[in-house]
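Reader: I should be grateful for a close look at a single part of this structure, with attention to its surroundings. Please set that part in the context of the chain as a whole.

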Amino acid sequence: MFCKFCFCFCLTFTFFLSRFLATGNSFASLHFEFLLGTSTISRIVHHTCHVIWQQLRETVMPQPKADDWLRIAGGFQLSAQFTNCIGVMDGKHIRVKKPPHSGSRFFNFKQYFSVVLMAVADSNYRFIMVDIGAYGSTADARIFSASRMGERLRANQLALPEARRLPASAGPPAPFVIVADEGFALTYLLCDPFQSVVWMSGGVFSTTG
């Protein structure tokens with residue numbers, strides 16, 4: 001009897017969590033559907049999502065190693081003819097309802113409330129690193145600087161490959177870099193594209209202005 005009860009409870013719990021994650025139903029609507037208190041639902045969702053991330057993080061988004069960075073750089077070389085690029089980075093505002101007592105911290109320059117998903121992606125648009133949950137009012141550069149991935153990049157803790165010469169170049173080795181827009185500060189490992197770029201025949205970059 002006890003095992004049957006546990007099975008039914010786990011099945012109900014799994015269905016309840018999948019409903020929330022798949023549909024985004026409010027805690028209030030789930031309260032009426034499953035007869036659970038909203039505070040209980042909140043604790044269940046937050047705890048379960050944390051456990052899912054801890055258990056699956058190394059499978060779905062492992063820390064890249066030097067060989068992984070080289071493979072990513074090869075992808076950008078093939079798709080964009082951009083050498084020594086190990087990722088592109090930007091922030092995305094995710095619209096949310098204004099959290100209680102939050103003031104203007106979540107109110108962004110686009111005139112709505114949001115949290116920010118900051119991500120580094122490879123040439124196939126797959127996430128390599130993410131930082132999620134920053135206030136919508138915070139600038140992308142500040143979010144990246146305060147994020148764990150920004151701290152690890154500055155501390156050289158991302159197992160990046162050693163700098164290497166550019167193709168057909170006799171100059172000094174060039175570092176592997178992450179490309180972002182002009183909202184980010186330029187560093188040794190972070191660069192932004194030219195303000196105006198023309199794609200010439202033969203796959204050659206040229207600048208204007």
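**Helix α4 and its surroundings**

Author: Just after α4, Gln-81 adopts a positive phi of about 55°. The model is a predicted one, and that residue is a convenient point from which to look back along the helix.

Helix α4 runs over residues 66–80, a total of 15 residues. From its first C-alpha to its last it reaches 21 Å, which is close to the 21 Å expected at 1.5 Å a residue.

Which residues of α4 are buried? They are Trp-69, Ile-72, Ala-73, Gly-75 and Phe-76. These residues lie on the same side of α4 because they cover an arc of only 150° around the axis. Asp-67 and Leu-78, by contrast, are exposed on the other side of the helix. The cover over the buried residues of α4 includes three strands, namely β1 (85–95), β2 (114–121) and β3 (127–135).

The loop between β2 and β3 also deserves attention, and Ser-123 is located there. With its neighbours within four places in sequence left aside, Ser-123 is in contact with Gly-75, Phe-76 and Ser-79. Of these contact partners, Gly-75 and Phe-76 are among the buried residues of α4. Ser-123 itself counts as buried because its relative accessibility is 17%, and the cut-off for burial is under 20%.

A charged pair completes the local picture. Side chains of opposite charge can pair when their charged atoms come close. Asp-122 forms a salt bridge with Arg-126, and their closest N and O atoms are 3.3 Å apart. The two partners differ in accessibility: Asp-122 counts as buried at 9% relative accessibility, whereas Arg-126 is partly exposed, with a relative accessible area of 46%. The count of salt bridges comes to one.

It remains to place this part within the chain. The secondary structure of the protein chain comprises six helices and seven strands, and along the sequence these follow the pattern α-α-α-α-β-β-β-α-α-β-β-β-β. Of the 209 residues in the protein chain, 29% are buried. Among contacts between residues at least 6 apart in sequence, 46% join residues at least 24 apart. The accessible surface of the protein chain is about 13900 Å², and carbon and sulfur atoms account for 63% of that area.

Methods. Residues numbered from 1 in each chain as written. Predicted model: local features only at pLDDT ≥ 70, side-chain atom pairs only at ≥ 80, totals over all residues. Heavy atoms only, no water. Helix = DSSP H or I, 4+ residues; strand = E, 2+ residues; numbered from the N terminus. Expected span 1.5 Å × (residues − 1). Buried < 20%, exposed > 50% of the residue type's maximum accessible area, 1.4 Å probe, protein only. Arc of directions from axis to C-beta. Contact = heavy atoms within 4.5 Å. Salt bridge = Lys/Arg side-chain N within 4 Å of Asp/Glu carboxyl O. Areas by Shrake-Rupley, 256 points an atom, 1.4 Å probe, with all protein chains shown as cover.
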